[in-house]
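These are my notebook entries on one protein model. I set down what I looked up, entry by entry.

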Amino acid sequence: MSKLADVAKTTQLLSLAGMEEASRVGQRTSDIDHLFLALVVSDQLAGDVLRAGGVTLQAARAAVAAQHAAQLATIGVTVPSPGPGRIVFHETGGYAWSARAVDVFTESTRGGKRGDAAAVLRELLDEPSGMIAEVLRRLGTSTDAVRERLDEAERVIPVASRSSAASAAEPAGEWETFVPATPREVWDLLADPLRMPEWDTNIGEVHVDRPHPDDLATGAVWTARLRETRPDGNRMRVKPELRRVRVELLGHEPVSCIAWSFSSPDAPTAATRRVTLSLTPAAGGTRLRIALRWQRRGMRTRGIRGVLLRPLYRYLLWMQLTQLGASIARVFR
């Protein structure tokens, strides 16, 4: 992967998670503390290093809140804690990074720095205000300790590989991400058809004679409807023949792997979406691998047109995979 691609993907994913964290506390400007929280749930090596050091999302949020309270106390201001809030980023707008957060991103790409999450974390450790250093102290660690673990991890642990292969006729790709919940909690979400609208932003509702998750059988079928309203309340334009969705369970291994198929029974030539979700225990949560494949009946796109379309399909797949991973993780944040 090129440095430019690394920077673009890292910035996009950290911006999404950081601004979601800002939205929990009613802020529209995301600062370095929100960037730090985004790194804690990052699927990249920086997130692995922080979580392996005992920095969970809940503990990090508490440490950030305590640090803000301590800073206000130094000027004689005491305010009650706002308590945990819901992520409303996708229902609102007007978010931006603070100037010092932008500086962190910029410095992480200078010279030979790669601009990935590890580079961003290193810049945060050196951030001159000292806020992140104080947050780490409240978490029982230090900038030096995190830096040493990061150095060691980069020496001995290969960066997690991700693949994305696509053709115009049958685009397919994979993505790996981190979810801050136990495998059992993630499984209970993914294996319950009624909870599908919580993690799949395409699905608005599922009609089902509710089975117990333990009774799921390969080949079982449910009827769903596509979402027609965005989180911010705006209506979405959905073709009538695509509104009804046939959901089929392709297979599952409890608390380990589950595969779903989504097709349009009223549009026989429309593509079928197949999603396979694999769960692995990880420090502080679950490592989730998502495989996505679109199957198009009767479509043949070959030759130069197929070659030209391949980058577009690869980008669209990456967007779909990362959004799906973010939606699943968001349920537990």
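Entry 1. How many bridges join strand β4 to strand β10, and do they run parallel or antiparallel? I worked from a predicted model. I found eight bridges between β4 and β10, and the two strands run antiparallel. For the register I looked up one position: G173 stands opposite L292 in β10. I noted that β4 spans residues 172–179, while β10 covers residues 285–295. I then checked the burial of β4 and found the strand mostly covered, with seven of its eight residues buried.

Entry 2. I turned to the chain as a whole. Its secondary structure comes to eleven helices and ten strands. The chain has 333 residues, and 44% of them count as buried. I also looked up how far apart in sequence the contacting residues lie. Among contacts between residues at least 6 apart, 62% join residues at least 24 apart.

Entry 3. Next I took up a pair of helices. Two packed helices are described by the angle between their axes and the distance between the axes. For α2 (residues 32–40) and α7 (residues 131–138), I read that the axes come within 10 Å and cross at roughly 50°. Angles of 35 to 65 degrees fall outside the roughly parallel and roughly perpendicular classes, and α2 and α7 are therefore oblique to each other. I recorded the crossing of α2 past α7 as right-handed.

Which residues of α2 meet α7? On the α2 side I listed I32, D33 and F36, and on the α7 side M131, I132, V135 and L136. By class, the residues of this contact divide into six nonpolar, no polar and one charged.

Entry 4. I then asked which residues of helix α3 are buried. I listed L45, A46, G47, V49, L50 and R51. Helix α3, residues 45–52, is thus entered as mostly covered, with six of its eight residues buried. Just after α3, I noted that G54 takes a positive phi of about 90°.

Entry 5. Last, I looked up helix α6, which spans residues 117–125. How many of its nine residues are buried? I found eight, and I entered α6 as mostly covered. The buried residues of α6 are A117, A118, A119, V120, L121, E123, L124 and L125. I noted that the charged residue E123 is included in this list.

Conventions:
Residues numbered from 1 in each chain as written. Predicted model: local features only at pLDDT ≥ 70, side-chain atom pairs only at ≥ 80, totals over all residues. Heavy atoms only, no water. Buried < 20%, exposed > 50% of the residue type's maximum accessible area, 1.4 Å probe, protein only. Helix = DSSP H or I, 4+ residues; strand = E, 2+ residues; numbered from the N terminus. Pairing = 2+ DSSP bridges. Axes fitted to C-alpha atoms, helices over the stretch in contact; angles between N-to-C directions. Parallel < 35°, antiparallel > 145°, perpendicular 65-115°, else oblique. Left-handed = near helix turned anticlockwise from the far one by under 90°. Contact = heavy atoms within 4.5 Å.
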